[in-house]
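I opened this model to look up a few things and kept notes as I went. The entries follow in the order I made them.

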Amino acid sequence: MQKTKQAPRGAGKALIAEYIAEDASLGEYMPGSGECRLWPYGKGNGYGRVEGFHTRLVHRLTLQAYAGHPYVGECKISGELTLKDHAAHSCKNRHCNAVQHLSWKTAAENQADRDRDGTDNKGEKNGISKLTDTKVIEIRARYSTGRITQQGLAEEYGVDQSLISEVVNRKKWAHI
């Protein structure tokens, strides 16, 4: 596995300023327009980041530099005034740092976008998931017959009984 190169220590603000200058040269700001811009340095959970006294996410720094800090605004989901503090990507690419692809959204708006775009890591899309959608449906069906215990299912599927409990009670894998 090739290690990602790290940005020079303390260079984060300068690199972000460079990004902003390049975005400004693209002309009028049109949300959702233009190509994605990928951070060539360190990444965490797929997001570009810069290290320093605190680790900062590049897409958030880029959006703050262009659009200002998160703010309170009307949530398009609930209609309530809520903090818009999620730097959301319109391009469906979490690696992207292009200003035109970023906007402040509420947690609910950002989640709705991930659900709509299929970019959420629910269920078997989650890299550490031990179950699949098919197995979850199987587990629920078999448990509902009353012929097998949660512990029996846990042993059979190689997971903890507590996970089986959360699956059959729809506290986990509720989207299925």
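**Entry 1: the largest pocket**

I started with the lining of the largest pocket, to which α2 (58-67), β6 (86-89) and α3 (107-117) each supply at least two residues. The model is a predicted one, and I read everything below with that in mind. I looked up the volume next and found about 450 Å³ of space in the largest pocket. The lining counts 19 residues, and the closest to the centre of the pocket are Y47, H89, R94, N110 and R114.

**Entry 2: the chain as a whole**

I then stepped back to the fold. I counted 6 helices and 7 strands in the chain. Read from the N terminus, the order of elements is α-β-β-β-α-β-β-β-β-α-α-α-α. The chain has 176 residues, and 31% of them are buried.

**Entry 3: one contact of helix α2**

I picked T62, which sits in helix α2. Its relative accessible area is 0%, so I noted T62 as buried. I also checked T62 against V99: the two are 37 residues apart in sequence, yet their C-alpha atoms are 6.5 Å apart in space.

**Entry 4: cysteines**

How many disulfides does the structure hold? I found 0. I wanted the reason, so I looked at the sulfur distances. For C36, the closest cysteine sulfur belongs to C91 and lies 3.7 Å away, which is too far for a bond because a disulfide needs the two sulfur atoms within 2.5 Å. For C96, the closest cysteine sulfur is that of C36, at 3.8 Å, and this too is too far for a bond. I noted the surroundings as well: C36 is partly exposed at 33% relative accessibility, whereas C96 is buried at 0%.

**Entry 5: salt bridges**

Side chains of opposite charge can pair when their charged atoms come close. I went through the pairs and recorded 6 salt bridges in the structure.

One of them joins K84 and E109, with 3.1 Å between the closest N and O atoms. This pair links distant parts of the chain, since K84 lies in strand β5 and E109 in helix α3, 25 residues apart. Are the two partners buried or exposed? K84 has a relative accessible area of 7% and counts as buried, because the limit for that class is under 20%. E109 is buried too, at 5%.

Another salt bridge is formed by the side chains of R116 and D117, at 2.8 Å from N to O. Here I noted that D117 is buried at 18% relative accessibility, while R116 is exposed at 59%.

I also looked at K172 and E166, whose side chains meet in a salt bridge at 3.4 Å, N to O. K172 is partly exposed at 39% relative accessibility. E166 is likewise partly exposed, at 26%. Which residues are joined into one network by salt bridges that share partners? I listed K105, D113, R116 and D117.

**Entry 6: the loop between β4 and β5**

I looked for K76 and found it in the loop between β4 (71-74) and β5. K76 has a relative accessible area of 74%, so I marked K76 as exposed, the class that begins over 50%. K76 and K105 are 29 residues apart in sequence, and I noted a C-alpha to C-alpha distance of 9.1 Å for them. K105 is also one of the residues in the salt-bridge network of the previous entry.

**Entry 7: a nonpolar patch**

Last, I looked at the surface. V72, L81 and L83 form a nonpolar patch there, and together they have about 320 Å² of accessible area. L83 belongs to strand β5 (residues 81-84), the strand that also holds K84 of the salt bridge with E109. At 42% relative accessibility, L83 is partly exposed, whereas K84 is buried at 7%.

**Entry 8: what I keep from this**

I keep three points for later. The largest pocket draws on α2, β6 and α3 for its lining. The structure holds 0 disulfides. K84 in strand β5 and E109 in helix α3 are linked across 25 residues of sequence.

Technical notes:
Residues numbered from 1 in each chain as written. Predicted model: local features only at pLDDT ≥ 70, side-chain atom pairs only at ≥ 80, totals over all residues. Heavy atoms only, no water. Patch = residues over 30% accessible without salt bridge, like charges linked within 9 Å, V, L, I, M, F, W, Y side chains within 5 Å. Areas by Shrake-Rupley, 256 points an atom, 1.4 Å probe, with all protein chains shown as cover. Salt bridge = Lys/Arg side-chain N within 4 Å of Asp/Glu carboxyl O. Helix = DSSP H or I, 4+ residues; strand = E, 2+ residues; numbered from the N terminus. Buried < 20%, exposed > 50% of the residue type's maximum accessible area, 1.4 Å probe, protein only. 1 Å grid on protein atoms, 1.4 Å probe; cavity = no way out; pocket = protein on both sides within 12 Å on 5 of 7 lines; lining within 4 Å. Points joined across faces, edges and corners; volume = space filled by probe spheres on them.
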